[in-house]
Amino acid sequence: VQLQASGGGLVQAGGSLRLSCVGSGNIFSLHVVGWYRQAPGKHRELVASITTSGTTSYADSVKGRFIISRDNAKNTAYLQMNSLKPEDTAAYYCSADRGIVRYWGQGTQVTVSS
């Protein structure tokens, strides 16, 4: 599975962005999809995930602000980010897991100005 993430950019605090992650092939629906982020000098952290059946989970820091979703027909997952804060600034990566195998997309930069 190859993943292509997009949608990052520069936004003011309080603004919104929607990230997209497009997977190759027709097996995207069989994978758990996650969005991670990594700020300079920090470890990569899980922001949100969505299972094959649509069950979602979120990091406490983004609960109530971010929404993860997927459209298996389009082999695409989304991360809607609202009420963005400067501390959300990071490179965001999508992942697709099936069993013990994890695929990564390239990062897309999100920068939130105060």
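Me: Which residue in β8 is the bridge partner of I68?

Reply: That's L79. Bear in mind that this is a predicted model: local features need pLDDT of at least 70, side-chain atom pairs count only at pLDDT 80 or more, and totals for chains, interfaces and linings use all residues. Residues are numbered from 1 along each chain as its sequence is written, and side-chain values use heavy atoms, leaving out hydrogens and water.

Me: What makes β7 and β8 a pair?

Reply: Strands here are DSSP runs of E with at least two residues, numbered from the N terminus. Two of them pair if DSSP finds at least two bridges between them. β7 and β8 have 6 bridges, in the antiparallel sense, so they count as paired.

Me: How do you know which strands are the edges of that sheet?

Reply: Follow the order of this open sheet of 4 strands: β1-β3-β8-β7, with antiparallel pairing. β1 and β7 each pair on one side only, and that makes them the edge strands. On average, neighbouring strands are turned by 15° against each other, direction ignored. For that angle, axes are lines fitted to C-alpha atoms, and values run from 0 to 180 degrees between N-to-C directions.

Me: How do you know that β1 belongs with β3?

Reply: There are 4 bridges between β1 and β3 (residues 17–23), so the "at least two" rule is met. One bridge partner to look for is G23 in β3, opposite L3.

Me: Why is T76 called buried?

Reply: Buried means under 20% relative accessible area, with exposed over 50% and partly exposed in between (1.4 Å probe, protein chains only). T76 has 7% relative accessibility, so it counts as buried. T76 is part of strand β8.

Me: What makes the link between K74 and T76 a polar contact?

Reply: A polar atom of the T76 side chain lies 2.7 Å from the backbone oxygen of K74. A polar contact is a pair of N or O atoms within 3.5 Å, where within protein one must be able to donate a hydrogen and the other to accept it, and residues adjacent in sequence count only if both atoms are side-chain atoms. The distance fits that limit, so the label applies.

Me: Why is the C21 and C94 pair called a disulfide?

Reply: The rule asks for cysteine sulfur atoms within 2.5 Å, and these two are 2.2 Å apart, so the pair qualifies. The count comes to 1 disulfide. C21 lies in β3 and C94 in β9, so the pair ties together parts that are 73 residues apart in sequence. Both cysteines are buried.

Me: What makes that link right-handed?

Reply: The angle about the S-S bond is 70°, and the link is right-handed.

Me: What makes a group of residues a nonpolar core, and how many are in the largest one?

Reply: A nonpolar core is a set of buried Ala, Val, Leu, Ile, Met, Phe, Trp, Tyr and Cys residues joined through side-chain atoms within 4.5 Å. The largest has 27 residues, and those with the most contacts inside it are W35, F66, L79, M81 and Y92. β9 gives the most, with 4 residues.

Me: Which residues does F66 touch?

Reply: Contact means heavy atoms within 4.5 Å. Not counting residues up to four places away in sequence, F66 touches several residues, including V47, L79, M81 and Y92.
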